[in-house]
Amino acid sequence: MRNCYGGKFRIRVISKRVLAGLGIIALLITAGCGGAGGGSYERGGTDYSGASGDSSGKPARFTISLATYTQIDKLEMAKWAQGRARQVLGNDVWLEYERDGISVNYGHFDKNTPGSKAQREFERVKQRYRQLELGPYQFCYLKQLPEPDPPAPAEWNILESGCYYSLEIGVYYNVPDEQYMTRKKDAVQAVKNLRDEGEKAYFFHDRAKSFIYVGCLPQSVIQRSQQGQEIRTLVSPIVQLLMKKYQYHENGQKIYDIRYDKNNNRLRLARQPVLIQVNKLAEAVGY
């Protein structure tokens with residue numbers, strides 16, 4: 001399968017089995033720890049991204065997720081949790097910024113097999129988890145780390161673009177059941193193909209997905225005005241043209257959504273791109 005942005009497409013409706021590869025479920029390695037009791041919090045701990053290998057120098061493939069925070073004060077909560085976990089478990093507690101929140105992780109391990117350091121540390125974490133007081137809805141589990149980012153010019157990263165808006169036109173995600181594990185590489189290649197065609201294209205990698213964007217759009221492309229009790233939103237023709245030009249894709253394939261009309265007739269509608277505000281994306285990942 002060539003990349004869709006290289007000019008060749010294969011059309012399908014994504015199945016539930018493939019969609020299962022999108023989420024955390026595919027990354028759960030071992031049953032998690034039970035939730036801990038709630039506790040107060042304050043600022044503490046120093047944020048760092050973590051080393052790329054374990055203490056032996058081998059590439060890290062696994063870590064232990066202690067908690068994930070998505071609320072408005074997620075950075076403050078995550079930093080407090082990081083400091084507390086370092087007191088209980090040791091120094092190798094690091095923050096992982098994701099599109100939808102911030103994860104607090106412990107350790108870097110090269111393998112997850114019976115008797116491995118990852119398994120031994122996971123048992124220790126389970127025994128001490130309640131001491132961490134990370135919140136009533138948190139739990140811990142062993143998870144696989146994403147593959148390293150492939151080489152790409154910094155300006156191709158949407159967070160480095162300086163754009164106010166951009167149009168999200170596609171996403172790549174690994175599907176282990178189909179032996180597909182190159183989502184980052186393919187996303188970067190998609191951006192290259194688009195740029196070769198003259199588009200301002202960008203990517204963003206989070207822990208599970210890689211997103212593709214086109215257009216570097218100013219704030220003025222969206223105009224809002226109030227008329228009486230109603231707020232009218234006017235969208236620039238530039239945005240409208242991009243919306244018509246691109247259909248949303250997943251893993252290089254056109255995506256259609258199934259809808260039903262008022263007569264219960266089945267309709268297959270092309271999924272539309274999504275206009276995103278870049279600074280909101282940057283805030284969400286703590287950039």
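Me: Between which two strands is the loop in which Asn264 lies?
Reply: The model is a predicted one. In it, Asn264 belongs to no strand but to a loop. The strands on either side of this loop are β12 (256-260) and β13 (266-270).

Me: Is Asn264 buried or exposed?
Reply: The relative accessible area of Asn264 is 58%. The cut-off for an exposed residue is over 50%. Asn264 therefore counts as exposed.

Me: What is the phi of Asn264, a residue other than glycine?
Reply: Most residues other than glycine have a negative phi. Asn264 is not a glycine, yet its phi is positive. The value is near 65°.

Me: Where is the place of Asn251?
Reply: Asn251 also has a positive phi, about 50°, although it is not a glycine. With 5% relative accessibility, Asn251 counts as buried. Its place is in the loop between β10 and β11 (253-254).

Me: Is Glu250 buried or exposed, at 7% relative accessibility?
Reply: Glu250 lies in strand β10, which covers residues 249-250. Buried means under 20% relative accessible area. At 7%, Glu250 is therefore buried.

Me: With the side chain of which residue does the side chain of Glu250 make a polar contact of 2.9 Å?
Reply: The side chain of Glu250 has a polar contact with the side chain of Tyr173, at 3.2 Å. A further polar contact of the Glu250 side chain, at 2.9 Å, is with the side chain of Arg271.

Me: How many helices and strands does the protein chain have?
Reply: Of the 287 residues in the protein chain, 44% are buried. Among contacts with a separation of 6 or more, 72% are between residues 24 or more positions apart. The secondary structure of the chain consists of six helices and 14 strands.

Me: Which residues of the largest nonpolar core touch the most other members?
Reply: In soluble globular proteins, nonpolar side chains tend to be buried together. The largest nonpolar core here holds 36 residues. Those that touch the most other members are Ile158, Ile212, Tyr213 and Val214.

Me: Which element gives the most residues to this core?
Reply: At least two residues of the core come from each of β5 (165-173), α4 (183-196), β6 (201-205), β7 (209-217), α5 (237-245) and α6 (278-284). With six residues, the element that gives the most is β5.

Me: How many residues are in the other core, which has Ile64, Ala85, Val104 and Phe109 among them?
Reply: Beyond four places in sequence, Ile158 of the largest core is in contact with Ser166, Tyr202, Phe203, Phe204, Tyr213, Val278 and Leu281. Apart from this core lies another, which includes Ile64, Ala85, Val104 and Phe109. Its number of residues is 27.

Me: The side chain of Ser166 reaches the backbone oxygen of which residue?
Reply: Ser166 lies in strand β5, and at 0% relative accessibility it counts as buried. Leaving aside neighbours within four places in sequence, its contacts include Ile158, Tyr213, Val214, Gly215 and Val274. The backbone oxygen that the Ser166 side chain reaches, at 2.6 Å, belongs to Gly215.

Me: How far apart are the C-alpha atoms of Ile64 and Asn105?
Reply: Ile64 has its place in strand β1 (residues 62-69), and at 0% relative accessibility it counts as buried. Among its contacts beyond four places in sequence are Val104, Asn105, Phe109, Phe122 and Leu142. Ile64 and Asn105 are 41 residues apart along the chain, and the separation of their C-alpha atoms is 5.5 Å.

Me: How are α2 and α3 oriented to each other?
Reply: Two packed helices are described by the angle between their axes and the distance between the axes. The axes of α2 (residues 74-89) and α3 (residues 117-132) come within 10 Å and cross at roughly 125°, and the crossing is right-handed. This angle falls outside 65 to 115 degrees and is not over 145. The two helices are therefore oblique.

Me: How far apart in space are Leu132 and Val88, C-alpha to C-alpha?
Reply: The contact of the two helices is made by residues including Trp80, Ala85 and Val88 of α2 and Val125, Arg128 and Leu132 of α3. Leu132 is buried, at 0% relative accessibility, and it touches Leu66, Trp80, Arg84, Ala85, Val88 and Leu89, not counting residues up to four places away in sequence. Leu132 and Val88 are 44 residues apart in sequence, and their C-alpha distance in space is 7.0 Å.

Definitions and conventions. Residues are numbered from 1 along each chain as its sequence is written. This is a predicted model: local features need pLDDT of at least 70, side-chain atom pairs count only at pLDDT 80 or more; totals for chains, interfaces and linings use all residues. Side-chain values use heavy atoms; hydrogens and water are left out. Helices (H or I, at least four residues) and strands (E, at least two) are DSSP runs, numbered from the N terminus. Buried means under 20% relative accessible area, exposed over 50%, partly exposed in between (1.4 Å probe, protein chains only). A polar contact is a pair of N or O atoms within 3.5 Å; within protein, one must be able to donate a hydrogen and the other to accept it, and residues adjacent in sequence count only if both atoms are side-chain atoms. A nonpolar core is a set of buried Ala, Val, Leu, Ile, Met, Phe, Trp, Tyr and Cys residues joined through side-chain atoms within 4.5 Å. Contact means heavy atoms within 4.5 Å. Axes are lines fitted to C-alpha atoms, for helices over the stretch in contact, and angles run from 0 to 180 degrees between N-to-C directions. Angles under 35 degrees count as roughly parallel, over 145 as roughly antiparallel, 65 to 115 as roughly perpendicular and the rest as oblique. A crossing is left-handed if the near helix is turned anticlockwise from the far one by less than a right angle, and right-handed if clockwise.
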